[in-house]
Amino acid sequence: MEGHFFIFYYIMINMESKIKIGTYKHFKGHNVKVLGMAKNSENYEEEFVVYIHPHDGHDQMWIRPIGMFLENVERDDYNGPRFEYIGE
């Protein structure tokens, strides 16, 4: 993962970030580590949040469209942000 981190560090410092880099709490309770933003090579307008997600006991690199990352979720008894920034 260290090589991937360097690539996304480069992206972070070379793109105007709409997302704070750091740790976020997912509404289901787990924490993710946001590395930066990325663009779709076929559609330069489409932006994604790049983050490390704990999945099945292993950290995996995931992406999510920025709109979906920032949206509010309504599920069962929860109504609030999908991800909440908790710090660096």
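Student: Let's start with one side chain: is Glu 47 buried or exposed?
Tutor: Good place to begin, and keep in mind that this is a predicted model. The relative accessible area of Glu 47 is 12%. A residue under 20% is classed as buried, so the word for Glu 47 is buried.

Student: Which residue forms a salt bridge with Glu 47?
Tutor: Look for a Lys or Arg side-chain nitrogen within 4 Å of a carboxyl oxygen. For Glu 47, the closest N and O atoms of the pair are 3.6 Å apart. The partner is partly exposed, with a relative accessible area of 43%. That partner is Lys 39.

Student: How many salt bridges are there by this rule?
Tutor: One is the pair of Glu 47 and Lys 39. Another is formed by Arg 82 and Glu 71. By the rule applied here, the count comes to two.

Student: How far apart are the closest N and O atoms of Arg 82 and Glu 71?
Tutor: These two residues form a salt bridge, so their separation must fall within 4 Å. The closest N and O atoms of Arg 82 and Glu 71 are separated by 2.4 Å.

Student: Where do the two residues of that pair, Arg 82 and Glu 71, lie along the chain?
Tutor: They are 11 residues apart, and the pair links distant parts of the chain. Arg 82 counts as buried at 9% relative accessibility, while Glu 71 counts as partly exposed at 31%. As for their places, Arg 82 is in the loop between strand S6 (78–81) and S7, and Glu 71 is in the loop between H2 and strand S5 (72–75).

Student: What is the order of the strands in the open sheet?
Tutor: Five strands make up this sheet, and their pairing is antiparallel. Its edge strands, S4 (58–65) and S7 (83–87), each pair on one side only. Neighbouring strands are turned by 40 degrees against each other on average, with direction ignored. Reading across from one edge to the other, the order is S4-S3-S2-S1-S7.

Student: Which residue in S7 stands opposite His 26?
Tutor: Strand S1 covers residues 22–26 and runs antiparallel to S7, with four bridges joining the two. His 26 is therefore within S1, and the residue of S7 standing opposite His 26 is Phe 83.

Student: Which strand gives the most to the largest nonpolar core?
Tutor: This core has 10 residues, among them Val 32, Val 34, Met 37, Tyr 51 and Phe 83. At least two residues each come from S2, strand S3 (47–55) and helix H2 (66–70). The greatest contribution is three residues, and the strand that gives them is S2.

Student: What is the relative accessible area of Tyr 51?
Tutor: Tyr 51 touches residues including Val 32, Val 34, Ile 63, Phe 69 and Phe 83, leaving aside those up to four places away in sequence. Tyr 51 is also a member of the largest nonpolar core, and a core of this kind is a set of buried residues, so a value under 20% is required. The value for Tyr 51 is 1%.

Student: Now the aromatics: are the rings of Tyr 51 and Trp 62 stacked or tilted?
Tutor: Seven aromatic pairs are counted by this rule. In this one the ring centres are 6.4 Å apart and the planes are at 55 degrees. Tyr 51 lies in strand S3 and Trp 62 in strand S4, so the pair ties together parts that are 11 residues apart in sequence. Planes under 30 degrees apart would count as stacked and over 60 as edge-to-face, so this pair is tilted.

Student: At what angle are the ring planes of Tyr 51 and Phe 83?
Tutor: Tyr 51 is buried, with a relative accessible area of 1%. The Tyr 51 and Phe 83 ring centres are 5.6 Å apart, and the pair is edge-to-face. It links strand S3 with strand S7, across 32 residues of sequence. The edge-to-face class needs over 60 degrees, and the angle here is 65 degrees.

Student: Which loop holds Asp 76?
Tutor: Asp 76 has a positive phi of about 45 degrees although it is not a glycine. It is exposed, with a relative accessible area of 84%. Its place is the loop between S5 and S6.

Conventions
Residues are numbered from 1 along each chain as its sequence is written. This is a predicted model: local features need pLDDT of at least 70, side-chain atom pairs count only at pLDDT 80 or more; totals for chains, interfaces and linings use all residues. Side-chain values use heavy atoms; hydrogens and water are left out. Two strands pair if DSSP finds at least two bridges between them. Axes are lines fitted to C-alpha atoms, for helices over the stretch in contact, and angles run from 0 to 180 degrees between N-to-C directions. A nonpolar core is a set of buried Ala, Val, Leu, Ile, Met, Phe, Trp, Tyr and Cys residues joined through side-chain atoms within 4.5 Å. Buried means under 20% relative accessible area, exposed over 50%, partly exposed in between (1.4 Å probe, protein chains only). Contact means heavy atoms within 4.5 Å. Rings of Phe, Tyr and Trp (its six-membered ring) pair if their centres lie within 6.5 Å; planes under 30 degrees apart count as stacked, over 60 as edge-to-face and the rest as tilted.
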